[in-house]
Amino acid sequence: MVTGIGMTSTRTRLRMVDRLRERGIQDEAVLSAIATVPRHIFVEEAMAHRAYEDTALPLGCSQTISQPYIVARMIELLRQGREASLAGGLGKTLEIGAGCGYQAAVLGELTDQVYAVERIEPLLNKAKANLRQLQQFHVRLQYADGQLGLPAAAPFDSIIVAAAAPRVPPALLQQLALGGRMVLPVGSAEQQLHLVERTPQGFLETKLEGVRFVPLLSGVE
């Protein structure tokens, strides 16, 4: 039985999911994954009271934890129409920009093949601790330059990028499996969410709604 803080957390998570549904998220598997992951353990203690607001929150190191709507929207786009053909509708998945591990944890509720790359070592260590707390040992975290992807584990059925590049990184295109999908923000001052699909005829790129992410930087720190 969940009591006290746990009960409050569960209720606020469910209210957050209701708000996501009202905003147009229709994939019930994604909503269930969002409801399962306790977002408050991924944010700074001083911000825990805001954990279930539908907003991005600061993490330190000039980074943010993504807005729940954007997490749900991007994963829904990856899964759309593929639920029956791939594990969790995602298959083998690469996340660029693991941050504190929140989005990786949501992905980990849907597929057991999650690889997550983070270029800032203190954030990577936070992500490891958070995922260990949730016992999501199948999420593989890597300290690396996200622009280069993770060639040793490629190809990937799904790639999700939590930082904006001026254009789609060529290395990520090459690591996308045939039939695979990538969702990422593209742009600098103005950014748009892009869906990239790899077909036998080549890459199909679709521009979607406007978004705001931190920039995708090269190197590690």
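# A first look around this model

At 10% relative accessibility, Asp27 counts as buried (buried means under 20% relative accessible area, exposed over 50%, and partly exposed in between, with a 1.4 Å probe and protein chains only). This is a predicted model, in which local features need pLDDT of at least 70 and side-chain atom pairs count only at pLDDT 80 or more, while totals for chains, interfaces and linings use all residues. Residues are numbered from 1 along each chain as its sequence is written, and side-chain values use heavy atoms, with hydrogens and water left out.

## Starting from Asp27

Where does Asp27 sit? Look in the loop between helix 1 (4-22) and helix 2 (28-36). Helices (H or I, at least four residues) and strands (E, at least two) are DSSP runs, numbered from the N terminus.

Who are the partners of Asp27? Setting aside residues up to four places away in sequence, Asp27 touches Glu76, Arg79 and Glu83 (contact means heavy atoms within 4.5 Å). Two names in that group, Glu76 and Arg79, turn up again among the buried residues of helix 3, so let's go there next.

## Helix 3, tucked inside

Helix 3 covers residues 68-79. How much of helix 3 is buried? The count is 12 of the 12 residues, so helix 3 is largely enclosed by the rest of the structure. If you want to click through them in the viewer, they run Pro68, Tyr69, Ile70, Val71, Ala72, Arg73, Met74, Ile75, Glu76, Leu77, Leu78 and Arg79. Notice that charged-looking names such as Arg73 and Glu76 are in that buried list along with Ile70 and Leu77.

The length of helix 3 works out well too: the end C-alpha atoms are 17 Å apart, and 12 residues at 1.5 Å a residue should span 16 Å, which agrees. The expected span is 1.5 Å times one less than the number of residues.

Just past the end of helix 3, Gly81 takes a positive phi of about 75°. On the other side, Gln67 is found in the loop between strand 2 and helix 3. Gln67 is in contact with Arg23, Arg39, Asp54, Thr55 and Ala56, leaving aside its neighbours within four places in sequence.

## Helix 5, with two sides

Helix 5 spans residues 121-133, which is 13 residues. From its first C-alpha to its last, helix 5 reaches 19 Å, close to the 18 Å expected at 1.5 Å a residue.

Which residues of helix 5 are buried? They are Leu123, Leu124, Ala127, Asn130 and Leu131. Seen down the axis of helix 5, these buried residues fall within an arc of 125°, so they line one face of the helix (the arc is that of the directions from the helix axis to the C-beta atoms). An α-helix has 3.6 residues a turn, so residues three or four places apart point the same way.

What covers that buried side of helix 5? The cover includes strand 1 (57-60), strand 2, helix 4, strand 4 and strand 5 (139-143). Turn helix 5 around, and the face pointing away from its buried side carries the exposed residues Arg132 and Gln133.

Two residues in helix 5 deserve a closer look. Asn130 belongs to helix 5 and, at 10% relative accessibility, counts as buried. Apart from neighbours within four places in sequence, Asn130 is in contact with Ile41, Phe42 and Cys100. Lys128 also has its place in helix 5, but at 35% relative accessibility Lys128 counts as partly exposed.

## Some backbone oddities

Follow the chain out of helix 5 and you meet Gln135, in the loop between helix 5 and strand 5. The phi of Gln135 is near 60°, a positive value in a residue other than glycine. Is Gln135 buried or exposed? At 60% relative accessibility, Gln135 counts as exposed.

Further along, the peptide bond from Ala154 to Pro155 is cis, with omega near 5°. Pro155 lies in the loop between strand 5 and strand 6 (156-161).

## A few distances

Here are three residue pairs, each involving a residue named above.

| Pair | Apart in sequence | Apart in space, C-alpha to C-alpha |
|---|---|---|
| Asp27 and Leu184 | 157 residues | 19 Å |
| Lys128 and Arg21 | 107 residues | 30 Å |
| Gln67 and Ala51 | 16 residues | 9.8 Å |
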